[in-house]
Structures are given as C-alpha cells and as structure tokens.
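Subject: Handover of a structure and the findings on it

Dear colleague,

Please find below the structure that I am handing over to you. My notes on what was found in it follow directly after it.

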Amino acid sequence: MGPAEPAAPAQPSAALRRVVRGYLDHLTVERGLSANTLSSYRRDLERYLTTLAAAGIEDLAAVGPAEVTEHVARLREGDEAHPPLAAASAARAASAVRGLHRFAAREGVVGRDASRDVRPPVPPRRLPRALAVTEVLRLLETAAGPGDPAGPLGLRDRALLEFLYGTGSRISEAVGAAVDDLDLTDGVALLRGKGGRNRLVPIGGYATEALRAYLARGRPDLVGAGRGGPAVFLNARGGRLSRQSAWSILRRAAERAGLPVDGAAAVSPHTLRHSYATHLLDGGADVRVVQELLGHASVTTTQVYTLVTVDRLREVYATSHPRALS
C-alpha cells in the first residue's frame, strides 16, 4: 500500500467569498479604485481567506483580533506557501484585510470590526532625493542641449526645467499650465494641483527670463498648425507637451550634466520638486510656507523634507564645530 496522498488544502467558504466579493464591488463602484489596485487587493484577500480556511474558520464573524494580528505578522515573516513581503506590500495587504473588516462591520455582516486595534506594518520612511544647488545649476546649464540653445526646442527645454525648479511644480502641473496661468510681470504662476487645489506661486527671476525668451522666440515657431491650444509647453508638432516627453527632456539634460539617470538616485521631475523644497528649508523658509508652495493638503506631508535638512545641519555641525568630534 503506497503512501497516503496529502490532504487537499481547505477551501474558503461561500460565506467568506461572498463578503469579499461585496467589498471588492464596493471598492469598484463607490471608491473607484484602479484596476491594478483592485487586482492587488483581490490577491491579498485571497491569501487572507486561505489563511482563515486553513484555521477552520468559515465565517468572518468568527474572526477575532488574534487571527488578524497573526495574519498581518505572517505577511512580513512569510510561511510555507508565501515568501515574506516587502514592508510596502505588507502594508497594502494589511490595509486590504482591515478594509474588509471595516466594510463587514459597517454593512452589518459582523457585529464588530476585529481589525480595529490591529496595527499595520509601517513601511520604512524614504527620504526624498535632493540635488545639491551646484548640481541643479549644472542641470539647468545643460538644459538646452548641444544643438541650438536659441532655437525653439532649446528655449522650451530651458524654460521647462527652470519652471520645474523655480516653482516646485509637479510634472503634471507644468505640462498642464496655460499661457494665461503665467503673470510674468509680477512673476507668479497659477498651478492647478491635485483634487482641484489651485495655488499661486512665485516663479523666480531666472525662470521668468527663461519663460519670456521661450514665449517670445520659441513657442510661436512651435504653434504652427498644432493643437496645443493655450498650453505653455508645446512639442515639435505644436501639441501639448506630454509628461513622458518632459521626463525625456530632463533625463537628457541629466545625462549631459553627469547626474544619475538610473537606479534609486536617478534624477526625475520629482527630484527637482524635492530639491526646491529642501533648498527653501535650508535657506530658512518656514515649513508652513513650503507646504503652501508645494500644494500639500497637510503639513505632515511636507515635514519629510525637514528630515533631509536635519541631516544637512548635522553634516555642517560635524565639519564646522570645534567640539563636534571626540
């Protein structure tokens, strides 16, 4: 008689699948989550249901805080069937599980939210990558490329990078800007931010001059028969410059400036935004002012930049104070 076949893993009950299906429908219809996010949540919840089924749990009402806590811990530790998840992925999976329990309690499927007191894993804080002022200057000096810096594309590229660094704008705000959003006399720009949060920000002298040169001698040559409409930054065919094209402009300038374009330290449009905030705080700007300039809804988002400047202060102290080193 041969060895016994291993028992098939327990399958999630119809009741568990029903509440998960209702939750995913809620996320689709009420929350409007993207297809990619929904796919990740579906995968995370399938793993959770498998864990519950293996423990003999067939109804979400039978789940307590201990079961939720154990599952969240296993996300980072891994098990026989799953490798450990990175902190960010574990946090997302835990969020899916906690959301499921909140939904079930709100809909009356269960009497209490078993995940309410379960703390999710905290992803490691990533400090923004900021360029040194000298690196930014080198980048801006190479913005127009080796071709004709006074040609329409050279003027546009210089104006775009000066605008990104001079205003701290997101790439979407820069390519979405209209000519009427610029007031070059007063040196301010209207940026149309996330969630309809628009803000007026100073442009800065260098960016103002670069925009003046581009609008006077570059943009008219690009308009042609294009469909860019009122957009400030146009492509070679006269259409609105895309985010991808703006990224390519920055990447080429970074390569010419000898700055990294690959890996974790790669220069991106957001790098200029990080550098803008960091340089303001290094120069003594109040964090609340920087919050307004960046268009952050909460000052908590802006405070990550203060960690960067504390590191900078520590470096200055270590190299400047006579008693800094023992």
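In what follows, two residues are in contact when heavy atoms of theirs lie within 4.5 Å. Among the contacts in the chain between residues at least 6 apart in sequence, 58% join residues at least 24 apart. Please bear in mind throughout that this is a predicted model.

The chain as a whole

The chain has 326 residues, of which 43% count as buried. Its secondary structure comes to 14 helices and three strands. About 18,000 Å² of the chain is exposed, and carbon and sulfur atoms supply 53% of that area.

The sheet

How are the three strands arranged? They form an open sheet in the order β1-β2-β3, and the pairing is antiparallel. Strands β1 (182-183) and β3 (198-202) stand at the edges with a single partner strand each, so one side of each is left without a neighbour in the sheet.

The pairing of β1 with β2 (residues 188-192) is antiparallel and runs over two bridges. In one of these pairs, Asp-183 has Val-188 of β2 as its bridge partner. Leu-182 is likewise bridged to a residue of β2, namely Ala-189. The hairpin of β1 and β2 has four residues between the strands, and in this hairpin Gly-187 takes a positive phi near 70 degrees.

On its other pairing, β2 meets β3 in the antiparallel sense over five bridges. Among the residue pairs here, Leu-191 has Arg-199 of β3 as its bridge partner, and Arg-192 stands opposite Asn-198 in β3.

Which residues of these two strands lie on a covered face? In β2, the covered face consists of Ala-189 and Leu-191, while Val-188, Leu-190 and Arg-192 make up the uncovered one. In β3, Arg-199 and Val-201 form the covered face, and Asn-198, Leu-200 and Pro-202 the uncovered one. The bridged pair Leu-191 and Arg-199 thus brings together a residue from the covered face of β2 and one from the covered face of β3.

The cavity

How many cavities of 30 Å³ or more does the structure hold? There is one. The largest cavity has a volume of about 40 Å³. Its lining is made up of Leu-60, Ala-61, Val-63, His-101, Val-110, Arg-112 and Ala-114. By type, the residues of this lining divide into five nonpolar, one polar and one charged.

Three individual residues

Arg-192 has its place in strand β2. Is Arg-192 buried or partly exposed? Because its relative accessibility is 45%, and the partly exposed class lies between 20% and 50%, Arg-192 counts as partly exposed. Not counting residues up to four places away in sequence, Arg-192 touches Glu-173, Asp-181, Arg-197 and Asn-198. Asn-198 is also the residue of β3 that stands opposite Arg-192. Arg-192 and Ala-174 are 18 residues apart in sequence, and their C-alpha atoms are 8.9 Å apart in space.

Arg-74 is found in helix α3 (residues 65-77). With a relative accessibility of 35%, Arg-74 counts as partly exposed. When residues up to four places away in sequence are left out, the contacts of Arg-74 are with Arg-47, Thr-51 and Asp-79. Between Arg-74 and Leu-85 there is a separation of 11 residues in sequence and of 8.9 Å in space, C-alpha to C-alpha.

Pro-12 lies in the segment before α1 (14-31). Why does Pro-12 count as buried? Its relative accessible area is 11%, and buried means under 20%. Leaving aside residues up to four places away in sequence, Pro-12 touches Arg-17, Glu-46, Leu-49, Thr-50 and Ala-53. Pro-12 and Ile-57 are 45 residues apart in sequence, with 8.3 Å in space from C-alpha to C-alpha.

This concludes the handover.

Yours sincerely

Conventions
Residues are numbered from 1 along each chain as its sequence is written. This is a predicted model: local features need pLDDT of at least 70, side-chain atom pairs count only at pLDDT 80 or more; totals for chains, interfaces and linings use all residues. Side-chain values use heavy atoms; hydrogens and water are left out. Two strands pair if DSSP finds at least two bridges between them. On a 1 Å grid over the protein atoms alone, a cavity is a set of points where a 1.4 Å probe fits but cannot get out, and a pocket is an open set with protein on both sides within 12 Å along at least five of seven lines; lining residues have an atom within 4 Å of a point. Grid points are joined across faces, edges and corners, and a volume is the space filled by probe spheres set on the points. Ala, Val, Leu, Ile, Met, Phe, Trp, Tyr, Cys and Pro count as nonpolar, Asp, Glu, Lys and Arg as charged, and the others, Gly among them, as polar. Buried means under 20% relative accessible area, exposed over 50%, partly exposed in between (1.4 Å probe, protein chains only). Accessible areas come from the Shrake-Rupley method with a 1.4 Å probe; for residues, only the protein chains shown count as cover.
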